[in-house]
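Visitor: Hey, I've got a structure open and I'm not sure where to start. Can you walk me through it?

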Amino acid sequence: QVQLVESGGGLVQAGGSLRLSCAASGTFRIINTMGWYRQAPGKQRELVAILTSGGTTNYADSVKGRFTISRDNAKNTVYLQMNSLKPEDTAVYYCKCQAQKSSFPYYALDYWGQGTQVTVSS
């Protein structure tokens with residue numbers, strides 16, 4: 001059982017920056033991965049960035065070089081630093097956590113944050 005609380009969304013001018021945060025709490029054995037997804041009006045939800053427990057990162061081609069995903073393990077918090085924002089980045093951003101159950105069998109479950117709106121004006 002994991003709860004995810006997102007923050008940091010808002011309105012920003014093109015070329016500006018925002019930093020999203022997602023804090024995980026609850027009962028779990030370990031977090032396998034944490035990541036960010038986004039969904040723009042009329043589009044499917046898409047992967048933005050993923051960070052594994054081993055430190056491996058993956059980014060969508062559209063955000064490479066502009067976005068950075070990171071994690072504070074002590075706080076079970078994942079961040080998404082978004083620089084050089086473009087109007088095309090406008091979307092609702094969702095945090096996702098894959099965590100193992102605290103008891104055996106330790107299979108993993110997916111949890112989603114509530115979503116936070118990011119709007120980039122031109």
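Guide: We'll go through the sheet, the cysteines, some backbone details and the pocket. Keep in mind that this is a predicted model.

Visitor: Okay, the sheet. What order do the four strands of the open sheet come in?

Guide: The order is β1-β3-β8-β7, and the pairing is antiparallel.

Visitor: Which strands stand at the edges?

Guide: Those are β1, residues 2-7, and β7, residues 67-72. Each has a single partner strand, so one side of each has no neighbour in the sheet.

Visitor: And how much is the twist from one strand to the next?

Guide: The twist averages 15 degrees.

Visitor: What holds strands of a sheet together in general?

Guide: Strands of a sheet pair through backbone hydrogen bonds, either parallel or antiparallel.

Visitor: How many bridges join β7 to β8 here?

Guide: Six bridges join β7 to β8, which covers residues 77-82, and the two run antiparallel. If you want spots to click on, Arg 71 sits opposite Val 78 in β8, and Ile 69 has Leu 80 in β8 as its bridge partner.

Visitor: What about β3 and β8, how many bridges there?

Guide: There are six bridges between β3 and β8, which also run antiparallel. Leu 20 stands opposite Leu 80 in β8. So Leu 80 turns up in both pairings, facing Leu 20 and bridging to Ile 69.

Visitor: Is β8 mostly covered or mostly open?

Guide: Mostly covered: five of the six residues in β8 are buried.

Visitor: Switching topic. Which cysteines form a disulfide?

Guide: Cys 22 and Cys 95 do, with their sulfur atoms 2.1 Å apart. The count for the model is one disulfide.

Visitor: Where in the chain do those two sit?

Guide: In distant parts of the chain, 73 residues apart. Cys 22 is in strand β3, residues 18-26, and Cys 95 is in strand β9, residues 91-100.

Visitor: Left-handed or right-handed link?

Guide: Left-handed, with -85 degrees about the S-S bond.

Visitor: Is Cys 22 buried or exposed?

Guide: Cys 22 has 0% relative accessibility, so it counts as buried. Cys 95 is also at 0% and counts as buried. The cut-off for buried is under 20%.

Visitor: I see Cys 97 as well. Why isn't it bonded to Cys 95?

Guide: Because the sulfur of Cys 97 is 6.9 Å from the closest cysteine sulfur, the one in Cys 95, and that is too far for a bond. A disulfide needs the two sulfur atoms within 2.5 Å.

Visitor: So where is Cys 97?

Guide: Cys 97 is in strand β9. This residue is buried, with a relative accessible area of 0%. The C-alpha atoms of Cys 97 and Gly 35 are separated by 6.5 Å, although the two residues are 62 apart along the chain.

Visitor: Got another pair like that, something with Val 118?

Guide: Try Val 118 and Leu 85: 33 residues apart in sequence, and 9.9 Å apart from C-alpha to C-alpha. Val 118 lies in strand β11, residues 116-121, and counts as buried because its relative accessibility is 0%.

Visitor: Now the loops. Which residues have a positive phi without being a glycine?

Guide: Asn 76 has one, at about 50 degrees. Ser 84 also has a positive phi of about 50 degrees. Asn 76 belongs to the hairpin of β7 and β8, which has four residues between the strands. Ser 84 is in the loop between β8 and β9, and counts as partly exposed because its relative accessible area is 41%.

Visitor: Which peptide bond is cis?

Guide: The one from Phe 104 to Pro 105, with omega near -5 degrees. Pro 105 is in the loop between β9 and β10, where β10 is residues 108-112.

Visitor: Last thing, the largest pocket. What's its volume?

Guide: About 150 Å³. Of the 13 residues lining the largest pocket, those closest to its centre are Arg 38, Lys 43, Glu 46, Glu 88 and Asp 89.

Visitor: How many of the lining residues are charged?

Guide: Seven are charged, alongside four polar and two nonpolar residues.

Conventions. Residues are numbered from 1 along each chain as its sequence is written. This is a predicted model: local features need pLDDT of at least 70, side-chain atom pairs count only at pLDDT 80 or more; totals for chains, interfaces and linings use all residues. Side-chain values use heavy atoms; hydrogens and water are left out. On a 1 Å grid over the protein atoms alone, a cavity is a set of points where a 1.4 Å probe fits but cannot get out, and a pocket is an open set with protein on both sides within 12 Å along at least five of seven lines; lining residues have an atom within 4 Å of a point. Grid points are joined across faces, edges and corners, and a volume is the space filled by probe spheres set on the points. Ala, Val, Leu, Ile, Met, Phe, Trp, Tyr, Cys and Pro count as nonpolar, Asp, Glu, Lys and Arg as charged, and the others, Gly among them, as polar. Two strands pair if DSSP finds at least two bridges between them. Axes are lines fitted to C-alpha atoms, for helices over the stretch in contact, and angles run from 0 to 180 degrees between N-to-C directions. Buried means under 20% relative accessible area, exposed over 50%, partly exposed in between (1.4 Å probe, protein chains only).
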